[in-house]
Amino acid sequence: MAADEEVNISIERLSADLRELGDIGRGEDGGLYRMAFTAADMEGKAWLEAKMKEAGLETSRDGACNVIGRMEGEESDLPILVIGSHIDTVPCAGILDGTLGVLSGLECLRALHAAGKKPKRSIELIAFSDEEGRFGGMIGSQSFAGQVTPDLIHHASDLDGIKLSDAMNEHGLDVWQTLQARRDPATLGAYLELHIEQGPVLSEMQEQVGVVEVITGLFKWSVTLSGEPNHAGTTPMGMRRDAFMGVADFAHELPRLIDENGSDKSRATIGRVELMPGSPNTVPGEARFSIDVRDTDETVMIELSTALKKALVAIARRRGLHFNYDVESWIHPVDCDPELVEQVDLAAKDSGVRYRRMESGAAHDAQIIAKVCPVVMIFVPSKDGKSHSPAEWTAYDDIEAGAKVMLKSIERLAF
Ligand SMILES: [Zn+2]
């Protein structure tokens, strides 16, 4: 094949791979159960490794059991291009979350290899372990970025109390080896991740590809409003300290708080409310609820957290309640590298696909890797915005468009 001949991805090969891996860990309800370090996850890793070998990549696993396929570049001392995502799933998942990024990367490298192309800088395709946070973090990318500590290793366990060390041990893996997976940031040139959007924006806008400029930050609080439990019949309305009414007031104020203190990127969600004692004929004396707030700008996040606190204090005073809250997490927003964004934008233009620049509302491995290396992400539309469900889907045309943009991006970044 001539050196300047155009390389093309094959949507047939890519969709066959998606179907094959999509059969590993399938439950009776049709959902995927390939949670990190389960037998299904390990079977998926082995399948991927075999596919990488077939595609001409040199395979290995690091201490965090991240599966790596390497294409050697002409200049081995140049910082490498990493293409990454994950193949672990939440329980009852669809077949695309994470997996599409890994298999699109595989298809791109397979096409390049088959065409006899050799990149200038080496390329590594990596499936990171436990992106879905079975053990409370993103163990694979965190290990890679040098963020794992003995303390984290010691405490990491899943919702059933199974320790990470035991889950790894079951497959002959030593959790302490995760400390060995750290890469020297100087050897990392760029990180590229393709992912389904997991939201409705691209499909609503009828675009095929999103070039991600920023990954949203978020904070989660667990809030308690305490009043007084009392008889639903004998306590007059004006003499109640009803904790639920406090939650209702607060929920009602959220849109205004976002309008006044947030941006058009702000989101706030009360996803869980528990009322105590939780009896139909008792005024609730205590309400515990979660609030999840997101924005792409940390200053806005700080302003929102102040405004939310003030609103809760005022509501508590008005309703005769006590207010308490715990910060469960604070995740910083991450900017994609402007130069990489520009390159992917040009790749999208070259590919002739319909695309737009956008933000990511969900967390990804890229957010962790950004600490040690410039990152960029490519999104493809999620049908009806659905994800973390067997209904998760992206039209093949759009998958093909995304993979094409990935291939052109790789050619721009590594050749
Ligand atoms: Zn994912």
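This is a chat between a trainee and a mentor about the predicted model above.

Trainee: Before I start, what are the ground rules for this model?
Mentor: It's a predicted model, so local features need pLDDT of at least 70 and side-chain atom pairs count only at pLDDT 80 or more, while totals for chains, interfaces and linings use all residues. Residues are numbered from 1 along each chain as its sequence is written, and side-chain values use heavy atoms, with hydrogens and water left out.

Trainee: OK, the metal. Which residues coordinate the zinc ion?
Mentor: His86 through NE2, Asp97 through OD and His195 through NE2, at 2.0 to 2.2 Å. Donors here are N, O and S atoms within 2.8 Å of the metal (3.2 Å for Na, K and Ca), and water is not among the atoms, so sites may look incomplete.

Trainee: How are those donors spaced in sequence?
Mentor: The pattern is H-x10-D-x97-H. His86 sits in strand β3 (residues 80-86) and His195 in strand β5 (residues 188-196), so the two histidines tie together parts that are 109 residues apart in sequence. Helices (H or I, at least four residues) and strands (E, at least two) are DSSP runs, numbered from the N terminus.

Trainee: Are His86 and His195 buried or exposed?
Mentor: Both are buried. The cut-offs are under 20% relative accessible area for buried, over 50% for exposed, and partly exposed in between (1.4 Å probe, protein chains only).

Trainee: Staying on β5, what does Leu192 touch?
Mentor: Leu192 is in that strand and is buried, at 0% relative accessible area. Its contacts include Leu81, Val82, Ile83 and Gly84, plus Val344, Val376 and Ile378, leaving aside residues up to four places away in sequence. Contact means heavy atoms within 4.5 Å.

Trainee: Switching to helices. How many residues does α2 have, and what span should they give?
Mentor: Helix α2 (residues 39-54) has 16 residues, which should span 22 Å at 1.5 Å a residue; the end C-alpha atoms are 23 Å apart, which agrees. The expected span is 1.5 Å times one less than the number of residues.

Trainee: What do its buried residues pack against?
Mentor: Against α1 (11-21), β1 (58-61), β2 (67-71), α3 (99-114) and β4 (123-128). Trp47, Leu48 and Met52 are among the buried residues of α2, and so are Asp41, Lys45, Glu49 and Lys51. After the helix comes Gly56, with a positive phi near 90 degrees.

Trainee: Now charges. How many salt bridges does the search find?
Mentor: The whole structure has 27, where a salt bridge is a side-chain nitrogen of Lys or Arg within 4 Å of a carboxyl oxygen of Asp or Glu. In one of them, Arg70 and Glu124 meet at 2.6 Å, N to O. That pair links distant parts of the chain, with Arg70 in β2 and Glu124 in β4, 54 residues apart.

Trainee: Which residues form the salt-bridge network?
Mentor: Arg13, Asp17, Glu20, Lys51, Glu107 and Arg110. Within it, Arg110 and Glu107 meet at 2.7 Å, N to O. Both are in helix α3, three residues apart, about one turn of the helix. Arg110 is buried at 11% relative accessible area, and Glu107 counts as buried at 0%.

Trainee: Zooming out, how is the protein divided into domains?
Mentor: Domain 1 is 11-216 + 334-414 and domain 2 is 217-331; the bounds come from an automatic or database domain assignment. Their C-alpha centres lie 36 Å apart. Seven residues from domain 1 and eight from domain 2 take part in the contact.

Trainee: What area gets buried between them?
Mentor: About 520 Å², with carbon and sulfur atoms giving 54%. Buried area is the accessible area (1.4 Å probe) that two parts lose on being put together, summed over both. On the domain 1 side, Val214, Thr216 and Glu359 supply 73% of the area buried against domain 2, more than any other three residues. The rule finds zero salt bridges across that interface.

Trainee: Last one, backbone oddities. Where is the cis peptide bond?
Mentor: It joins Met276 and Pro277, with omega about 0 degrees. Pro277 is in the loop between β10 (273-276) and β11 (282-283). Also check Cys92, a residue other than glycine with a positive phi, near 60 degrees; Cys92 is in the loop between β3 and α3. Gln198 has a positive phi too, near 65 degrees, and lies in the loop between β5 and α7 (201-205).
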